[in-house]
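Biologist: Thanks for sitting down with me over this one. Could you show me the sequence and the model, and then we can talk through them together?

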Amino acid sequence: MSFRSAGFRPAVLGSAIALVFALSASALMAQDAQPKTAAPAAAATAAAPATATTAAAPAATAAEATAAVKPGDATAGQAKAAVCGACHGIDGNSSDAQYPKLAGQSEQYIVRQLTDFKAGKRQNPIMMGMAAPLSTQDMHDVGAYFSSKTPLPGVADQALVERGETLFRQGDATRGIPACMACHSIDGRGNPGAKYPQLTSQHAQYVEATLKSWHDGTTWGDDAQSQIMPAIAKKLEPADITALSSYIEGLHSAGDQPVATP
């Protein structure tokens with residue numbers, strides 16, 4: 001059907017089309033006359049509060065988590081550490097030399113090790129399972145409990161004392177071996193602030209197994225501090241490890257001696 005057959009006249013149709021184009025052109029001109037940056041600026045203004053809120057949320061959450069952790073409570077830690085007693089002794093003095101003594105160990109060091117076990121950085125099937133359900137506060141409480149205990153003194157093999165003492169107190173500069181006491185202190189009490197562990201009275205069997213493991217390439221993490229002992233242990237000979245381990249078990253101060261009963 002043509003426009004003509006429908007009753008439209010060309011002149012009228014032409015006028016209508018001209019009017020439509022005129023209105024469209026006016027609308028486009030009016031749109032072009034508006035500032036180009038108005039819409040983006042408004043969008044940016046609207047988006048800004050959302051961005052700020054999103055960025056602030058993780059920071060607030062982290063702050064709350066940090067604030068929630070308090071210094072360890074030894075009383076609370078005693079109950080939480082009850083299950084640890086099966087291997088480490090109820091007071092942190094393990095009777096089985098394959099398990100380390102925890103008595104007197106610093107809270108900071110215990111928290112670090114439990115954290116690494118939980119994260120899988122330090123591998124041990126038993127300890128990874130034990131650490132998994134612990135919160136950071138639990139770790140601090142357990143650490144505080146064991147740090148409040150006194151390690152029972154051990155005995156060194158007199159035949160190994162001279163070599164072990166030399167390495168512990170002087171190291172061996174010719175082989176690039178530093179003195180153990182540089183980090184663990186002269187009496188083996190460690191350095192809590194730096195998270196260097198207490199060694200005094202530790203089972204020789206446990207120390208020897210640990211040093212051999214480091215010597216053979218085992219590490220307890222991927223950070224710089226975790227690389228210190230493996231690097232040193234690689235320079236030790238088997239006889240050095242045996243002598244050091246024995247010396248460390250016998251290392252204790254006069255205050256650690258059990259009180260003699262008359």
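Modeller: Happy to; keep in mind that this is a predicted model. A good place to start is a network of salt bridges that links Arg163, Asp172, Arg175, Glu237 and Asp240.

Biologist: Within that network, how far apart are the closest N and O atoms of aspartate 172 and arginine 175?

Modeller: Aspartate 172 is buried, with a relative accessible area of 19%, because the cut-off is 20%. Arginine 175 counts as partly exposed at 28% relative accessibility. The two form a salt bridge, and their closest N and O atoms are separated by 2.9 Å.

Biologist: And how many salt bridges does the count come to?

Modeller: Side chains of opposite charge can pair when their charged atoms come close. Besides the pair of aspartate 172 and arginine 175, there is one between lysine 80 and aspartate 141. The count comes to eleven.

Biologist: Lysine 80 and aspartate 141 caught my eye. How many residues apart in sequence are the parts that this pair ties together?

Modeller: The closest N and O atoms of lysine 80 and aspartate 141 are 2.6 Å apart. Lysine 80 belongs to helix α3 and aspartate 141 to helix α7 (residues 136-147), so the salt bridge ties together parts whose separation in sequence is 61 residues.

Biologist: Which partner in that pair is buried, lysine 80 or aspartate 141?

Modeller: Lysine 80 has 32% relative accessibility and counts as partly exposed. With a relative accessible area of 5%, the buried partner is aspartate 141.

Biologist: Where do aspartate 223 and arginine 112 sit, and how many residues apart are they?

Modeller: Their side chains meet in a salt bridge at 3.0 Å, N to O. The pair links distant parts of the chain, with aspartate 223 in the loop between α10 and α11 and arginine 112 in helix α5; they are 111 residues apart.

Biologist: Is arginine 112 buried or exposed?

Modeller: Its partner aspartate 223 is partly exposed, at a relative accessible area of 26%. Arginine 112 has a relative accessible area of 17%, and since buried means under 20%, arginine 112 is buried.

Biologist: Glutamate 107 is in helix α5 too (residues 107-119). Which side chain of opposite charge is nearest to glutamate 107?

Modeller: Glutamate 107 is buried yet has no salt bridge. A salt bridge needs nitrogen and oxygen within 4 Å, whereas the nearest side chain of opposite charge is 10 Å away, and that is lysine 195.

Biologist: Then which backbone nitrogen does the side chain of glutamate 107 reach?

Modeller: Leaving aside neighbours within four places in sequence, glutamate 107 is in contact with Pro71, Gly72, His140, Gly143, Ala144 and Ser147. One of these is reached through its backbone nitrogen, at 3.0 Å: glycine 72.

Biologist: What separates the C-alpha atoms of alanine 76 and valine 142?

Modeller: Alanine 76 is placed in helix α3 (residues 74-80) and is partly exposed, with a relative accessible area of 27%. Valine 142 is 66 residues from alanine 76 along the chain, and their C-alpha atoms are separated by 7.8 Å.

Biologist: Let's turn to the nonpolar residues. Which residues have the most contacts inside the largest nonpolar core?

Modeller: That core has 21 residues. Helices α8 (158-169), α10 (204-215), α11 (228-233) and α12 (238-250) each supply at least two of its residues. A second, separate core of 14 residues includes Ala81, Cys84, Val111 and Met139. In the largest core, the residues with the most contacts are Phe168 and Leu244.

Biologist: Why is the pair of tryptophan 214 and tryptophan 220 called stacked, edge-to-face or tilted?

Modeller: A search of the whole structure finds three aromatic pairs. In this one the ring centres are 4.8 Å apart and the planes are at 55°. Planes under 30 degrees apart count as stacked and over 60 as edge-to-face, so the rings of tryptophan 214 and tryptophan 220 are tilted.

Biologist: Last one: how many helices and strands does the secondary structure come to?

Modeller: From the N terminus on, the elements run α-α-α-α-α-α-α-α-α-α-α-α. The secondary structure therefore comes to twelve helices and zero strands.

Technical notes
Residues numbered from 1 in each chain as written. Predicted model: local features only at pLDDT ≥ 70, side-chain atom pairs only at ≥ 80, totals over all residues. Heavy atoms only, no water. Core = buried A, V, L, I, M, F, W, Y, C linked by side-chain atoms within 4.5 Å. Buried < 20%, exposed > 50% of the residue type's maximum accessible area, 1.4 Å probe, protein only. Helix = DSSP H or I, 4+ residues; strand = E, 2+ residues; numbered from the N terminus. Lys, Arg positive; Asp, Glu negative; His and termini not counted. Polar contact = N/O pair within 3.5 Å; in protein donor to acceptor, adjacent residues only side chain to side chain. Contact = heavy atoms within 4.5 Å. Phe/Tyr/Trp six-rings, centres within 6.5 Å; stacked < 30°, edge-to-face > 60°.
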